[in-house]
Amino acid sequence: MMSQASPPLNSEETNRGMSYAPRSDETILTDPKRQPITVTKRERSMIKAQRPAVIWLTGLSGAGKSTIGNLAERKLLARGAHTILLDGDSLRSGLNEDLGFTSLDRRENIRRVGEVAKLMTEAGLIVICALISPFRAERLVVRRLFEPGDFIEVFVDTPLEACVERDPKGLYKRALARQIENFTGLHQPYEPPERPELILRTLDGSPDQMADRLIEIVQPFVSSF
Ligand SMILES: Nc1ncnc2c1ncn2[C@@H]1O[C@H](COP(=O)(O)OP(=O)(O)O)[C@@H](O)[C@H]1O
Ligand SMILES: [Mg+2]
């Protein structure tokens, strides 16, 4: 079958303001104000019978953020919740591929993931973020993007020695051999949350038990629970 080329744009089409045509109206390009929206976050989430929220898992590398985040998402899906898992490591190969691990880059990494989480809550979703996010101040910046109660900070609390022992990706081994710089917990500080909504002490239970404790806190957000 022959593929059809799209017809060339004529001036009439561009004047109708088709989205792919250049806009002649300067104000649209220069006005930094947000565009008004007619459909609200509340309306979008109502069709999912859930209240949008952000579950922010913070902790050292190897603490168990990705493991618990994945299990929790699976359990929430089984209860009819519409979720998305934003995993720091995965985002570093896409959205954040230009960022490294200096303090400045980590800050920008957290800022971007916070903004994406915000957009996804606007879409009505329950967002699970799994991100070392070592600095208190940056986590606070993200918390402030959300309405009180909608940002749930979860400290995945695993002592450094246990993380080094687990070393699921062999990163501690490489960092201790100085093949990796700026490693949180070794060369850079990790600032534990002072008043997280939940603390998961992973030495006190299995990943499955940790995920169960996590979804308990999400229960009020999902009607079908
Ligand atoms: N109770 C627990 N909770 C979470 N992970 C655990 C637990 N006990 C052992 N682990 C193991 O610890 C490792 C955590 O790795 P990962 O989830 O990738 O950490 P992070 O995403 O925080 O860097 C996994 O290999 C997991 O199987
Ligand atoms: Mg991870």
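This passage describes the central sheet, the helices packed on it and the surroundings of ligand 1 in a predicted model.

The sheet is open and is built from five strands, arranged in the order E2-E3-E1-E4-E5 with parallel pairing. Its edges are formed by strand E2 (83-87) and strand E5 (198-201), each of which pairs on one side only. Direction being ignored, neighbouring strands of this sheet are turned by 20° against each other on average.

Strand E1 (residues 53-58) is joined by five bridges to strand E3 (residues 126-130), and the two strands run parallel; within this pairing, alanine 53 of E1 stands opposite isoleucine 126 in E3. Five bridges likewise join E1 to E4, again with the strands running parallel, and here the bridge partner of isoleucine 55 is isoleucine 152 in E4. In the strand order, E1 thus stands between E3 and E4. The strand is mostly covered, with six of its six residues buried. Of these, Ala53, Ile55 and Leu57 point one way from E1, whereas Val54, Trp56 and Thr58 point the other way, and burial extends to both sets.

Two helices may be described in relation to the sheet. Helix H4 lies across E1, E2, E3, strand E4 (151-157) and E5, and runs at about 170° to E2. Helix H6 (residues 103-122) also packs on the sheet, where it touches E1, E2 and E3, and its direction makes about 165° with that of E3. Strands E1, E2 and E3 are therefore touched by H6 while also being among those that H4 lies across. The surroundings of ligand 1 involve H4 as well. The shell comprises 17 residues, of which Gly64, Lys65, Ser66, Thr67 and Thr202 come nearest to the ligand. Helix H4 (65-78) and helix H10 (207-218) each supply at least two residues of this shell, and the most is given by H4, with four residues. By class, the shell around ligand 1 is made up of six nonpolar, nine polar and two charged residues. Helix H4 accordingly appears in both parts of this description, as an element lying across the five strands and as a contributor of four residues to the shell around ligand 1.

Methods. Residues numbered from 1 in each chain as written. Chains lettered and ligands numbered in written order. Predicted model: local features only at pLDDT ≥ 70, side-chain atom pairs only at ≥ 80, totals over all residues. Near = placed C-beta within 6 Å. Nonpolar A, V, L, I, M, F, W, Y, C, P; charged D, E, K, R; others polar. Pairing = 2+ DSSP bridges. Axes fitted to C-alpha atoms, helices over the stretch in contact; angles between N-to-C directions. Contact = placed C-beta atoms within 7 Å. Buried ≥ 20, exposed ≤ 12 C-beta atoms within 10 Å, placed from the backbone.
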